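Here is a walk through one protein model, written for someone who would rather look at side chains than read tables of numbers. Keep the viewer open and follow along.

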Amino acid sequence: MAAPVIARGAAIRLVRASLTLVALAALAAPFVLSWRLHEHLRSVAEQETTSPGPLTADAVAGWRGLAAGLPDRAAPVVLTYHDIRPGDGGPYTVTPQQFESHLSALCAAGYDTLSAAELAAYARGGPVPRRSVVITFDDGARGVWIHGDAILARHGMRASAFLITGLVGRRTYYLSWEEISRMAASGRWDFQSHTHDLHARVVTGPDGRTGSPLTHRVYSPAAGEWESPARWQARVRADFAAAFRAFRQHGLPRPVLFSYPFSDSGDGRPPEPPSAGTTSGAVADHMIRDSFVLAMSNHASPPMPPSRRSSAAQAYERLEVRADTTADDLMREVTRRLAIPPRGTPLEDHERWTSVSGEPVRPGGFPLTGRHPTPGHDTYRYAAYAPYGSADWDDYTVEARVSRLATRTNTAGLYARVGGREPVAIRLSARTAQLIRGRSGGDVLAEHPLTPGATHHVLLTVRGGRIVALVDGAIRLSAPSRHGADNTGGIALSIVRDRAGRRWPVFTDLRVTPGGNLPESAEAGRSPEPEGAGA
């Protein structure tokens, strides 16, 4: 009898335990559901809709006017945003109302938006698209989901977000993978790489300077040395591999575009000892080009707009949009960066001229024509015409008249292929005409005595592997010129006066025409070409 009693006791205890578990599960269910809902809401923030602001007829007409006369097909302009949120979010955050006005202006002016794949196809040599922009967001901030997505949808546009994959979902500032999945499914968003975990500042030298750990070897103050090149390369390759793995694990296509953290490509700074040879920035460039179709930066010198010249280098410069960028500001800058053909009368187009520093040259600071003299003690002025729009200019002729070369030290230079690897120029003084290479003018390719005169006519033709200058229809200077995708570009002017207070040399009647035959000297039958000037 003992065994049945024991069995019945065990069964009763089992039933009681089961009932207890059921009761506990029932009590816990609301808490579990609440936790799951909390986790879901934390990973997918609620989107907010901004009502489109009113557009005045004058504003729309102004935006359309800026685009009037521009080519229907042109290399795209790439825009960089960072975050979208109401209020004051800092210098790199735009408000939803700003973003709305920017897209309204672009639509009014007839701009399309390109996907990352379409931009990559163009960079690989595909056809030039319709007049368009590429909208990009660096860092993967959550504001693009909360505020930007609905605005993008309302305008029928698309954008690319550059993710720091190691930070996705780690803080409330960054997008979650669930939000990224929904954005990708909408067809409005592409996702590209901003490294996995290299978006930081590290010590890069003994003086305490800092830089990107992508393009610089890290310096250890305690050890008094840099990390080895092998360790740096292994670290960067591991980061790229981690980023690609994160894209793959979350069902996203492998990224084809890359954005430098902080736009720091390592240029212009010695991050390592002189004995290190090739800098990490240069090595990083090669590693990036091996892994991506294009690398993006917001700062480049010379300008690297989306162009055939930039495509050859696999590097594009973007137009950075900031908190103080109005719709009018944006449209003026986009217009300045749109590709234009090599034709016209540039001196009548002041808005497209830039100074040595790349800033727009306003009429009051443009003494090159003599129409807008300016006070000051400087003795040198330089201005380039449409350095972004003319990046792909090749095989063209530029002509002008130069006057006020009254003293031996006053000079005027007319440059071609500006922005390319080897710009060339014809430089005139009161008694000499020189064909020079480079903006500094130290490399004189050919020269000839010049008869002093009140005005000189200059014709400069770049075609294929040759440059020819014709001065006053009689003096012909010629030299080889590097020809290729890395040596295209537009025009620039320079003027020098011997001291402050003197009158500047002056350019007038400046005209650019496509193609053209290499000029021959009008005096070819009676005046031999100067020795060393070339055939």
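Start with what lines the largest pocket: by class, 15 nonpolar, 11 polar and 14 charged residues. That pocket has a volume of about 1000 Å³. Its lining counts 40 residues, and those closest to the centre are Pro303, Ser357, Gly358, Glu359 and Tyr388. If you colour by secondary structure, the elements giving two or more residues to this lining are strand S15 (319-320), helix H10 (327-337), strand S17 (380-385) and strand S19 (411-418). H10 gives the largest share, with six residues.

Before going further, a word on trust: this is a predicted model. The chain has a mean pLDDT of 86, and 83% of its residues reach 70 or more. Two stretches call for care. Over residues 29-41 the pLDDT stays under 50, and the model has two contacts for them beyond four places in sequence. Residues 522-535 also have a pLDDT below 50, but this stretch has 23 contacts in the model beyond near neighbours in sequence.

**More pockets and a cavity**

Back to the open spaces. The second largest pocket has a volume of about 560 Å³. It is lined by 23 residues, and Arg289, Pro302, Met304, Ala313 and Ala315 are the closest to its centre. Helix H8 (280-291), strand S13 (294-297), helix H9 (308-313) and strand S14 (315-317) are the elements that each give two or more residues to that lining. Sorted by class, the lining holds 10 nonpolar, six polar and seven charged residues.

What about enclosed space? The count comes to one cavity of 30 Å³ or more, and about 40 Å³ of space lies in the largest cavity. Its lining is made up of Pro76, Val77, Val78, Pro305, Pro306, Glu317, Arg318, Leu319 and Arg337. Six of these lining residues are nonpolar and three are charged, with no polar ones.

**Salt bridges**

How many salt bridges does a search of the whole structure find? The search finds 22. Side chains of opposite charge can pair when their charged atoms come close. Here are three of the pairs, with the distance between their closest N and O atoms.

| Arg partner | Acidic partner | Closest N and O atoms |
|---|---|---|
| Arg154 | Glu100 | 2.4 Å |
| Arg401 | Asp509 | 3.7 Å |
| Arg482 | Asp486 | 3.0 Å |

Take the pair Arg154 and Glu100, with closest N and O atoms 2.4 Å apart. The two sit in distant parts of the chain, 54 residues apart, with Arg154 in helix H5 (residues 143-154) and Glu100 in helix H3 (residues 96-108). Is each partner buried or partly exposed? Arg154 counts as partly exposed because its relative accessibility is 36%, whereas Glu100, at 4%, counts as buried.

Next come Asp509 and Arg401, whose salt bridge has its closest N and O atoms 3.7 Å apart. Asp509 lies in strand S27 (residues 506-514) and Arg401 in strand S18 (residues 396-403), so this pair ties together parts that are 108 residues apart in sequence. Asp509 has a relative accessible area of 54% and is therefore exposed. Arg401 is partly exposed, with a relative accessible area of 36%.

The third pair, Arg482 and Asp486, has its closest N and O atoms 3.0 Å apart. Arg482 is partly exposed at 32% relative accessibility, and Asp486 is partly exposed at 25%. This pair belongs to a network: salt bridges with shared partners join Arg421, Arg482 and Asp486.

**A glutamate in a loop**

One last residue to click on is Glu227, in the loop between strand S11 (225-226) and helix H7 (229-249). Why does Glu227 count as buried? Its relative accessible area is 12%, and the cut-off for buried is under 20%. Apart from its neighbours within four places in sequence, Glu227 is in contact with His216, Arg217, Val218, Trp232 and Arg235.

Notes
Residues are numbered from 1 along each chain as its sequence is written. This is a predicted model: local features need pLDDT of at least 70, side-chain atom pairs count only at pLDDT 80 or more; totals for chains, interfaces and linings use all residues. Side-chain values use heavy atoms; hydrogens and water are left out. On a 1 Å grid over the protein atoms alone, a cavity is a set of points where a 1.4 Å probe fits but cannot get out, and a pocket is an open set with protein on both sides within 12 Å along at least five of seven lines; lining residues have an atom within 4 Å of a point. Grid points are joined across faces, edges and corners, and a volume is the space filled by probe spheres set on the points. Helices (H or I, at least four residues) and strands (E, at least two) are DSSP runs, numbered from the N terminus. Ala, Val, Leu, Ile, Met, Phe, Trp, Tyr, Cys and Pro count as nonpolar, Asp, Glu, Lys and Arg as charged, and the others, Gly among them, as polar. pLDDT is the predictor's confidence in each residue, from 0 to 100. Contact means heavy atoms within 4.5 Å. Buried means under 20% relative accessible area, exposed over 50%, partly exposed in between (1.4 Å probe, protein chains only). A salt bridge is a side-chain nitrogen of Lys or Arg within 4 Å of a carboxyl oxygen of Asp or Glu.
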